[in-house]
Amino acid sequence: MRFVTYADDDGDRVGVLHHDQVHPLGRGVTMLGLLRDGTLRAAGEQALAAPGPAPRAVGDLRLRAPIPDPPAVRDFMTFERHVEGVSRLGGTDATIPERWYEAPAFYFTNPYAILGPADDVPVPPSSRMFDLELEVAAVIGRTGRDIHPDDADSYVAGYTILVDWSARDVQFAEMQVRLGPTKGKDTATTLGPVLVTPDELQPWRTDTSFDLTMTVDINGERLGQDRWSSMAFSYADMIAYASRGTEIRPGDILGSGTCGGGCLAELWGREGLNAHRPLQPGDVVTVTVEQLGTLTTRVVPGVEPIPIPPARRGR
């Protein structure tokens, strides 16, 4: 099934997308609530089978993020080509850290910065090196802790496109103190347009994900592309690692990390900072993942940062 959340007259509403028609679920129903109750599939089947509100053309709706309010967002790095390219920003002889191959590394990003497919993306305060990262997120469907990789796929409720918007200059500066990324990442994360349940993707299943194409275009020109199946770690690996010693819960987002060719930083690492200018207001970014859809997003001006005084030295 393919689920959407869309803006209705009295707030967000969930629906099932079928042949370009959205079949609404009841008012007050949320994607997060369905996941927590374990009733997502049953509710979707009922919306398709039972008499109810008239379906609406998806093109007439303003889609929101499928889950506008995830409890937590973890962003991984699972595409080797991306990691290798970005590592070159540290010099042409830079190599991938051996630790990367040992466990699926991730960081926590901002669950309050979720945007939908119809939302403009503001440039983060003070950033002059704005970038995007094309990913695919798994959405968790039930609570678990210390999950074995062999059991982990059963925790996935569905998949959706994720675009991680990155202020590279802010990110690089803050990581000099060996923390982060924090403010370099938390202005915006785009999700959508749909949440696709795993059974829909089974024909393309591989050992790590699905053999489907991922592409990025900026102002109509191709930046790069990859296969979703190029992930070096599987979602099961990611879930097992994320749940080690703690819980994952319904609605949690686990981003795959950037696909190869899916961001400007990788291009800068391979060809230099002059290979492509950073994103700026007016740019239109289009990302596509086969079977998951397309997101087209406009970059708009952000706000100027409120100054913060430097630390008091020697205290």
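Strands are DSSP runs of E of at least two residues, numbered from the N terminus. In the predicted model described here, P193 is found in one such run, strand β15. The peptide bond leading from G192 into this proline is cis, with omega near -5°. A cis peptide bond also joins G180 and P181, where omega is about 5°. P181 has its place in the loop between α5 (168-174) and β15 (189-196). As a general rule, most peptide bonds are trans, and most residues other than glycine have a negative phi.

The overall architecture comprises seven helices and 21 strands. The radius of gyration is 20 Å, close to the 20 Å that the globule rule gives for 315 residues, so the protein is as compact as a globular protein of that length. Along the principal axes, the C-alpha atoms fill a box of roughly 65 × 45 × 45 Å. Of the 315 residues, 51% are buried. Among contacts with a separation of 6 or more, 73% are made by residues 24 or more positions apart. The accessible surface amounts to about 14,800 Å², and carbon and sulfur atoms contribute 50% of that area.

The interior contains a largest nonpolar core of 55 residues, in which L132, Y159, W165, W228, L279, V287 and L292 touch the most other members. Helix α6 (residues 235-242) supplies the largest share of this core, namely five residues. Apart from this core lies another, of 22 residues, which includes V16, A137, V139 and L162. The surroundings of L279 illustrate the packing of one member of the largest core. When residues up to four places away in sequence are not counted, L279 touches F130, D131, L132, W165, I218, L264, V285 and V299. Two of the residues in this list, L132 and W165, are themselves among the members of the largest core that touch the most others.

V287, another of these highly connected core members, belongs to the covered face of strand β20 (residues 284-289), together with V285 and V289. The uncovered face of β20 carries V284, T286 and T288. In a regular strand the side chains alternate between the two faces of the sheet. Strand β20 pairs with two other strands. With strand β16 (residues 213-218), the pairing is antiparallel and extends over five bridges; within it, D217 has T286 of β20 as its bridge partner. With strand β21 (residues 293-300), β20 also pairs in the antiparallel sense, over six bridges, and V284 stands opposite R298 in β21.

Strands β20 and β21 form a hairpin with three residues between them. Q291, in the turn of this hairpin, has a positive phi of about 75° although Q291 is not a glycine. At 31% relative accessibility, Q291 counts as partly exposed, because this value falls between the limits of 20% for buried and 50% for exposed residues. A positive phi also occurs at D20, a residue other than glycine, with a value near 65°. D20 lies in the loop between β2 (11-18) and β3 (21-24), and its relative accessibility of 55% places it in the exposed class.

A contrasting loop position is that of S256, which is found between β19 (253-255) and α7 (264-271). S256 counts as buried, since its relative accessibility is 0%. With residues up to four places away in sequence left out, the contacts of S256 are F76, M77, T78, F79, E135, V136, M231, Y235 and M238.

The cysteines were examined for possible bonds. A search of the whole structure finds zero disulfides. The sulfur of C259 has its closest cysteine sulfur in C263, at 8.3 Å, which is too far for a bond, because a disulfide requires cysteine sulfur atoms within 2.5 Å. C263 is likewise in no disulfide, the nearest cysteine sulfur being that of C259. Both residues are buried: C259 has a relative accessible area of 0%, and C263 has one of 1%.

Conventions. Residues numbered from 1 in each chain as written. Predicted model: local features only at pLDDT ≥ 70, side-chain atom pairs only at ≥ 80, totals over all residues. Heavy atoms only, no water. Core = buried A, V, L, I, M, F, W, Y, C linked by side-chain atoms within 4.5 Å. Buried < 20%, exposed > 50% of the residue type's maximum accessible area, 1.4 Å probe, protein only. Helix = DSSP H or I, 4+ residues; strand = E, 2+ residues; numbered from the N terminus. Contact = heavy atoms within 4.5 Å. Pairing = 2+ DSSP bridges. Rg over C-alpha atoms; globule rule 2.2 N^0.38 Å. Areas by Shrake-Rupley, 256 points an atom, 1.4 Å probe, with all protein chains shown as cover.
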